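Me: Please take a close look at the annotated glycosylation site in this model, and then place that site in the wider architecture of the chain. I would like a connected account rather than a list.

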Amino acid sequence: MAQSDYYSNSKASAIVLAISCLIVAASAGSFYDEMDLTFGGERAKILNGGQDLSLSLDQYSGSGFQSKNEYLFGRFDMQLKLVSGNSAGTVTTFYLSSQGAGHDEIDFEFLGNSTGNPYTIHTNVYSQGKGDKEQQFHLWFDPTTAFHTYTIVWNAQRIIFLIDNIPVRVFSNHEAAGVPFPKSQPMRVYASLWNADDWATQGGRVKTDWTKAPFTASYRKFNANANKVSPNSKSTSAENENQAWSTQGLDAAGRNRIRWVQNKHMIYNYCNDYSRFPNGLPVECTRSRFL
């Protein structure tokens, strides 16, 4: 073999090896690696080599998936594109939850609406089986035309809900005042698309139009920068060394952004619902709104 041919072949081999490494790197963290499809049969589909996942709903069933791993604190990012057109009655979700009695849960739920009307973003926090801490928002963009990033930051001090890295809600740890806070039960990541036309759209007044089925929502770019819990113990291991989330709060810019969201886009806050709490608002409602 001529020396020039040798170097040419070596260069080609190096390029092939580099491409192979890129493919391996690109496939890391795919939905195949991270998630189990849990219900709905063929209505839940992993696509594009594991990079995308779609959930569908028809009159017979919805669909869903859950993470293979359990986590105790972390930052969880997911990109979603919600059901387009007439999505009334449908609920698309991205949330964390533990299992069993007295479970903990941190919710993003996306309540569909009739064509031309806005989605409702429903958030809630459960600790030791008790929720009733709802805040709801309308978005400042159409969540059906492109992917947007929805994030849950969960640490021992607070839970932060973010949309495209803009904070929309903070639920702080007020255990010292007797308010339960989710901090000891490992949680999995869950997502689903299901029918809830008995309550989801305008209190159940607008029903699902099954002539528009199947309804489809799309997920991609899941990332858990989090403490992964060992399946055989309660020990945890960091997914990576960048754990800024473990002490994350809101800086001045974050406080300005969350004020804008809550002033302009919040449509329900349990802390303002005096008729629901005639004997006084929950303790945490009297504390600082965000830290």
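Reply: N113 sits in the loop that runs between β7 (105–111) and β8 (120–126), in what is a predicted model. The name of the site comes from UniProt, where an unreviewed entry places the feature "glycosylation site" at N113. In the model N113 has a relative accessibility of 11% and therefore counts as buried, since buried means under 20%. Once its neighbours within four places in sequence are left aside, N113 is in contact with G85, N86, S87 and A88, and also with P118, T201 and Q202.

The two strands that flank this loop belong to an open sheet of eight strands, whose order is β1-β4-β13-β6-β7-β8-β9-β16. In that order β7 is followed by β8, and the pairing throughout the sheet is antiparallel. As a general matter, strands of a sheet pair through backbone hydrogen bonds, in either a parallel or an antiparallel manner. Returning to this sheet, the eight strands are antiparallel in their pairing, and β1 and β16 (266–269) stand at its edges, where each has a single partner strand, so that one side of each is left without a neighbour in the sheet. From one strand to the next, the twist averages 15°. At the β16 end, strand β9 (residues 135–137) is joined to β16 by three bridges, and the two run antiparallel; within this pairing, Q136 has Y268 of β16 as its bridge partner.

At the other edge, strand β1 (residues 35–39) carries D36, whose side chain meets that of K68 in a salt bridge with an N to O distance of 2.6 Å. This pair links distant parts of the chain, because K68 lies in the loop between β4 (63–67) and β5 (70–81), 32 residues away from D36 in strand β1. Both partners are partly exposed, K68 with a relative accessible area of 35% and D36 at 31% relative accessibility. In general, side chains of opposite charge can pair when their charged atoms come close.

A search of the whole structure finds eight salt bridges, and the pair of D36 and K68 can be set beside others. D77 forms a salt bridge with R75, with the closest N and O atoms 3.2 Å apart; here D77 counts as buried at 11% relative accessibility, and R75 is buried too, with a relative accessible area of 19%. E175 forms a salt bridge with K183, where the closest N and O atoms are 3.0 Å apart, and in this case E175 counts as partly exposed at 30% relative accessibility, as does K183 at 38%. In addition, K130, D132, E134 and R276 are joined into one network by salt bridges that share partners.

For the chain as a whole, three helices and 16 strands are found. Of its 291 residues, 47% count as buried, and N113 is one that counts as buried, at 11% relative accessibility. Among contacts between residues at least 6 apart in sequence, 65% join residues at least 24 apart. The accessible surface of the protein chain comes to about 14300 Å², and 49% of that belongs to carbon and sulfur atoms.

Note on methods: Residues are numbered from 1 along each chain as its sequence is written. This is a predicted model: local features need pLDDT of at least 70, side-chain atom pairs count only at pLDDT 80 or more; totals for chains, interfaces and linings use all residues. Side-chain values use heavy atoms; hydrogens and water are left out. UniProt positions are given in the numbering used here, feature names are shortened, and annotations may be inferred rather than shown by experiment. Helices (H or I, at least four residues) and strands (E, at least two) are DSSP runs, numbered from the N terminus. Buried means under 20% relative accessible area, exposed over 50%, partly exposed in between (1.4 Å probe, protein chains only). Contact means heavy atoms within 4.5 Å. Accessible areas come from the Shrake-Rupley method with a 1.4 Å probe; for residues, only the protein chains shown count as cover. A salt bridge is a side-chain nitrogen of Lys or Arg within 4 Å of a carboxyl oxygen of Asp or Glu. Two strands pair if DSSP finds at least two bridges between them. Axes are lines fitted to C-alpha atoms, for helices over the stretch in contact, and angles run from 0 to 180 degrees between N-to-C directions.
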